[in-house]
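Reader: I am new to reading protein structures, and I would like to understand the reasons behind the words that are used for them. Could we go through this one together, step by step?

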Amino acid sequence: LSLEARPDWVAAGGRFAYLYSFNGKSPGPVIEAKPGDDVRITFVNRLLEATNLHFHGLQIPPTGNADNVSLRVPPGESVDYRFTIPADHPSGTYWYHPHLHGTAARQVSRGLVGAFIIRNAADAVPEIEMAPEATLTLQDFSIDRAGQPVEPSLMERMQGREGSLVTVSGMDNPEFLVRQGGWLRLRILNASSSRFYRLR
């Protein structure tokens with residue numbers, strides 16, 4: 001697949017904000033794979049600053065063009081990420097985001113996140129396979145009234161901050177329907193750079 005990091009006006013919690021996006025969306029597209037799959041991602045950087053990709057939690061090499069956080073993709077350039085999901089990789093909800101030293105938290109807090117789901121034999125259990133599924137990507141943003149990101153202060157850069165706009169997969173307080181007597185499989189991803197969530 002292709003992923004393009006770029007600044008864009010995106011829907012965020014019922015309003016528009018000028019954030020960083022993957023393919024024009026924040027969160028970016030959900031990527032799915034199975035153990036043994038070969039993954040090929042053409043990553044294009046349309047930001048005005050360098051960035052890269054990190055595949056958080058995946059059991060893949062931290063070298064070459066796999067999960068190498070030392071790769072630096074300058075503005076206007078691209079990199080082909082290539083790796084194979086190990087045959088014994090556990091199923092689960094993982095995520096991808098930039099991990100360039102010195103800018104990772106800033107770029108994540110501006111919206112560069114996406115879910116990466118690995119499905120294996122456990123996902124083929126009939127009750128699990130037949131259940132509807134929802135991926136909830138939790139994000140928070142600090143934006144002004146005009147929808148522009150607010151730069152963190154020096155203290156906030158050191159200690160982290162919680163943005164006032166909290167979204168669930170880009171939405172404000174969405175509802176998910178569950179059939180009576182049925183199931184809804186939730187995949188929950190905390191993609192905020194500093195916020196802890198209390199879920200209930």
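Reader: What makes the sheet of 4 strands an open one, and in which order do the strands lie?

Author: In this predicted model, the order of the strands is E3-E8-E7-E5, with mixed pairing. At the edges stand strand E3 (31-33) and strand E5 (54-56), each of which pairs on one side only. Neighbouring strands are turned by 25° against each other on average, direction ignored.

Reader: How do you know that the pairing is mixed?

Author: E3 and E8 pair in the parallel sense over 3 bridges, whereas E7 and E8 run antiparallel and are joined by 5 bridges. E5 and strand E7 (residues 92-97) also pair in the antiparallel sense, over 3 bridges. Two strands count as paired if at least two bridges are found between them, and 3 bridges between E3 and E8 therefore satisfy that condition. Within E8, Ile118 is the bridge partner of Ala33 and also of Gly92.

Reader: Why is strand E8 (residues 114-118) called largely enclosed?

Author: The reason is that 5 of the 5 residues of E8 are buried, so the strand is largely enclosed by the rest of the structure. Gly114, Phe116 and Ile118 point one way, while Ala115 and Ile117 point the other way. This fits a common pattern, since side chains in a regular strand alternate between the two faces of the sheet.

Reader: How do you know that Asp123 and Arg187 form a salt bridge?

Author: Their side chains meet at 3.4 Å, N to O, and the limit for a salt bridge is 4 Å, so the pair qualifies. Asp123 lies in the loop between E8 and helix H2 (126-130) and Arg187 in strand E11 (residues 185-190), so the pair ties together parts that are 64 residues apart in sequence. Both residues belong to a network of salt bridges that also includes Glu32, Arg119, Glu133 and Arg185.

Reader: Why is Asp123 called buried, and why is Arg46 called partly exposed?

Author: Buried means under 20% relative accessible area, and partly exposed means between that value and 50%. Asp123 has 7% and is therefore buried, and Arg187, with 4%, is buried as well. Arg46 has 46%, so Arg46 counts as partly exposed. Arg46 also forms a salt bridge with Glu4, where the closest N and O atoms are 3.2 Å apart.

How values were computed: Residues numbered from 1 in each chain as written. Predicted model: local features only at pLDDT ≥ 70, side-chain atom pairs only at ≥ 80, totals over all residues. Heavy atoms only, no water. Helix = DSSP H or I, 4+ residues; strand = E, 2+ residues; numbered from the N terminus. Axes fitted to C-alpha atoms, helices over the stretch in contact; angles between N-to-C directions. Buried < 20%, exposed > 50% of the residue type's maximum accessible area, 1.4 Å probe, protein only.
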